[in-house]
Amino acid sequence: MDKSVKETEKVTSFYLKPKDGKEIATYKPGQYLTIKAKIPGEQYTHVRHCNISDAPNSKYYHISVKRVDSNEDGPPGIVSNYLHKESSKDVTLFFSAPAGDFVLKENDRSTVFISGGNGITPIMSMLNSLIKNKDHRQVTFVHAAANSKIQAFKDHIEEIATQNSNVDKVICYSMPSQQDQFEHNLEKEGFIDTDLLKSIPYLKDTEIYFCSSIPFMQAINHILEQLSIPAEQINYEVFNPIAILDE
């Protein structure tokens, strides 16, 4: 682990570089790493998928991990808490080559990105890749979070939308603070809904990518079906192989 950057109270980004100093394996925007963490006190090696959250480069892998605390739904996340606890130390991680089919397609169609919470990570890899490559396709970036305190990459997204006339952002906060309202940190209070997506003028002739929790993606998928968006234009990621969105 080369360095870490705290994005929010619960999300930290980690820059991973090979210990031998060689170039990393190439990857496509949207792919993930499979991390193998040997954690002191744990009998077994823990394996987790972590999305790469920056545009492809030859120097480092950038992953952004949300710390999972204990709650009524389950115990704390072993790997996420370990990474956050050791973020200031020189930790060695083992991981497989980048993988995954949820990747940015190589075409020039207008694009809509939709994410909720930490589902933003593969979307950021795609968006950053378009900006890095000076791709001028029309992009609408839609993201849902509770408020600015837990929205990762807030300033970076604002900068991209300000500096690139082809990128529109729609930030939705379900519980915005008074400061959020005063600073105009959001475009919509509440959730991503049918009316919001229907308001995107080129929605029916675009590539749509979305990622978040299963309930979030089921809701988005249902809206897109209601709006008669062709299935071949809809792209999403589910790590759980038995998960089905169209139930």
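**Exercise 1. The second largest pocket**

Task: Determine which residues line the second largest pocket of this predicted model, and how they divide by class.

Solution. Step one is to list the lining: Lys-28, Pro-29, Val-103, Leu-104, Lys-105, Glu-106, Ser-129, Leu-130, Asn-133, Asp-135 and Arg-137. Step two is to sort these residues by class, which gives 4 nonpolar, 2 polar and 5 charged. Among the charged residues are Lys-28 and Asp-135. Step three is the volume: the second largest pocket holds about 180 Å³ of space.

**Exercise 2. The largest pocket**

Task: State how much space lies in the largest pocket, which residues lie nearest its centre, and which elements each supply at least two residues of its lining.

Solution. The space in the largest pocket amounts to about 1100 Å³. Its lining consists of 42 residues, and those nearest the centre are Lys-66, Gly-116, Gly-117, Asn-118 and Gly-119. Turning to the elements, at least two lining residues come from each of strand S4 (46-51), strand S5 (61-66), helix H1 (78-85), S8 and H6. By class, the lining comprises 19 nonpolar, 18 polar and 5 charged residues.

**Exercise 3. The antiparallel sheet**

Task: Establish the strand order of the sheet of 3 strands, and identify its edge strands.

Solution. The order in this open sheet is S1-S2-S5, with antiparallel pairing. Strand S1 (3-6) and S5 each pair on one side only and are therefore the edge strands. From one strand to the next, the twist averages 20°. Within the sheet, S1 is joined to strand S2 (residues 11-16) by 4 bridges in the antiparallel sense. Lys-3 has Tyr-15 of S2 opposite. Finally, H1 lies across S2 and S5, and runs at about 115° to S5.

**Exercise 4. The parallel sheet and its helices**

Task: Explain why S10 and S12 each have one side without a neighbour in the sheet, and describe how H2 and H6 are placed on the strands.

Solution. Begin with the order of the 6 strands, S10-S9-S8-S7-S11-S12, in an open sheet with parallel pairing. Strand S10 (188-189) and strand S12 (234-236) stand at its edges with a single partner strand each, so one side of each has no neighbour in the sheet. H2 packs on the sheet and touches strand S7 (111-116), S8, S9 and strand S11 (207-211). The direction of H2 makes about 150° with that of S7. Helix H6 (residues 214-226) lies across S7, S8, S11 and S12, at about 155° to S11. For one pair in detail, strand S8 (residues 139-145) and S9 run parallel and are joined by 7 bridges. Val-142 has Val-170 in S9 as its bridge partner.

**Exercise 5. Two packed helices**

Task: Describe the packing of H2 on H3 by angle and distance, by handedness and by the residues that meet.

Solution. Two packed helices are described by the angle between their axes and the distance between them. For helix H2 (residues 120-132) and helix H3 (residues 154-163), the angle is about 35° and the axes are 12 Å apart. Their crossing is left-handed. From H2, the residues in contact are Ile-120, Met-124, Leu-127, Asn-128 and Ile-131; from H3 they are His-156, Ile-157 and Ile-160. This contact has 6 nonpolar and 2 polar residues, with no charged ones.

**Exercise 6. The cavity**

Task: Find how many cavities of 30 Å³ or more the structure holds, and what lines the largest cavity.

Solution. There is 1 cavity of 30 Å³ or more. The volume of the largest cavity is about 60 Å³. Its lining is made up of Gln-151, Lys-154, Ile-157, Glu-158, Lys-169, Ile-171, Tyr-173 and Asn-185. H3 and strand S9 (167-173) are the elements that give two or more residues to this lining. Sorted by class, the lining has 3 nonpolar, 2 polar and 3 charged residues. Ile-157 thus links two exercises: this residue of H3 meets H2, and Ile-157 also lines the largest cavity.

Conventions. Residues are numbered from 1 along each chain as its sequence is written. This is a predicted model: local features need pLDDT of at least 70, side-chain atom pairs count only at pLDDT 80 or more; totals for chains, interfaces and linings use all residues. Side-chain values use heavy atoms; hydrogens and water are left out. Axes are lines fitted to C-alpha atoms, for helices over the stretch in contact, and angles run from 0 to 180 degrees between N-to-C directions. A crossing is left-handed if the near helix is turned anticlockwise from the far one by less than a right angle, and right-handed if clockwise. Contact means heavy atoms within 4.5 Å. On a 1 Å grid over the protein atoms alone, a cavity is a set of points where a 1.4 Å probe fits but cannot get out, and a pocket is an open set with protein on both sides within 12 Å along at least five of seven lines; lining residues have an atom within 4 Å of a point. Grid points are joined across faces, edges and corners, and a volume is the space filled by probe spheres set on the points. Two strands pair if DSSP finds at least two bridges between them.
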